[in-house]
Amino acid sequence: MLKELENAAKVVGVKQVRRALANGQARRVYLAQDADPQLTRPLELQAQELGVETVWTQSMRALGQACGIAVGAAVAAALNSGA
C-alpha cells in the first residue's frame with residue numbers, strides 16, 4: 001500500500017494531515033507504528049470519525065521513504081483526486 005504514496009498527491013506531517021482530514025481531502029491516512037501515540041492516536045480517531053481508511057506502516061523511516069523525503073514521517077495522507 002505504501003506504493004500509493006510514491007505517485008499520489010499527498011501531505012506529510014500531523015498539521016497537514018489534520019487539515020486534509022478536516023477539509024475532506026484525505027482518501028487514506030498512513031500512521032507509523034513506531035511514532036509517538038500522542039501524535040498518531042488523535043489522527044486515527046479523526047479518520048475513523050470521518051470514515052477515512054487508516055493504514056499502519058512498520059516504521060517512520062519506511063513511511064518517509066514512501067513519501068520521498070529523507071527523514072522519517074509519523075503520518076501521511078493520500079489525497080482524493082483533484083485535491
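**Salt bridges and the faces of helix 3**

R41 and E44 pair up in a salt bridge, with their closest N and O atoms 2.8 Å apart. The model is a predicted one, and everything below should be read that way. Both residues sit in helix 3 (residues 37-50), and because they are 3 residues apart, about one helical turn separates them. An α-helix has 3.6 residues a turn, so residues three or four places apart point the same way. The two partners don't share a burial class, though: R41 is partly exposed, at 42% relative accessible area, whereas E44 comes out buried, at 12%.

Salt bridges with partners in common also link E4, R27, R28 and E53 into one network. Within that network, E4 and R27 bring their closest N and O atoms to 2.6 Å. E4 belongs to helix 1 and R27 to strand 2 (residues 26-32), so this pair ties together parts that lie 23 residues apart in sequence. R27 is partly exposed, its relative accessible area being 30%.

Helix 1 (residues 3-7) has a pair of its own, E6 and K3, set 3 residues apart, or about one turn of the helix. Here the closest N and O atoms of the salt bridge are 3.9 Å apart, which falls inside the 4 Å cut-off. K3 counts as exposed, at 61% relative accessibility, while E6, at 44%, is partly exposed. Over the whole structure, the search turns up 5 salt bridges.

Back to helix 3, this time for its geometry. With 14 residues at 1.5 Å each, helix 3 should span 20 Å, and the 19 Å between its end C-alpha atoms agrees with that. Its buried residues are T40, L43, E44, Q46 and A47. These cover an arc of only 165° around the axis, so they lie on the same side of helix 3. That buried set packs against helix 2 (14-22), strand 2, strand 3 (53-57) and strand 4 (75-79). On the face turned away from the buried side, helix 3 carries the exposed residues P37, Q38 and E49.

Both ends of helix 3 have a local feature to note. At the start, a side-chain oxygen of D36 comes to within 2.9 Å of the backbone nitrogen of Q38. Just past the other end, G51 adopts a positive phi of about 75°.

Terms used
Residues are numbered from 1 along each chain as its sequence is written. This is a predicted model: local features need pLDDT of at least 70, side-chain atom pairs count only at pLDDT 80 or more; totals for chains, interfaces and linings use all residues. Side-chain values use heavy atoms; hydrogens and water are left out. A salt bridge is a side-chain nitrogen of Lys or Arg within 4 Å of a carboxyl oxygen of Asp or Glu. Helices (H or I, at least four residues) and strands (E, at least two) are DSSP runs, numbered from the N terminus. Buried means under 20% relative accessible area, exposed over 50%, partly exposed in between (1.4 Å probe, protein chains only). The expected span of a helix is 1.5 Å times one less than its number of residues. The arc is that of the directions from the helix axis to the C-beta atoms. Contact means heavy atoms within 4.5 Å. A polar contact is a pair of N or O atoms within 3.5 Å; within protein, one must be able to donate a hydrogen and the other to accept it, and residues adjacent in sequence count only if both atoms are side-chain atoms.
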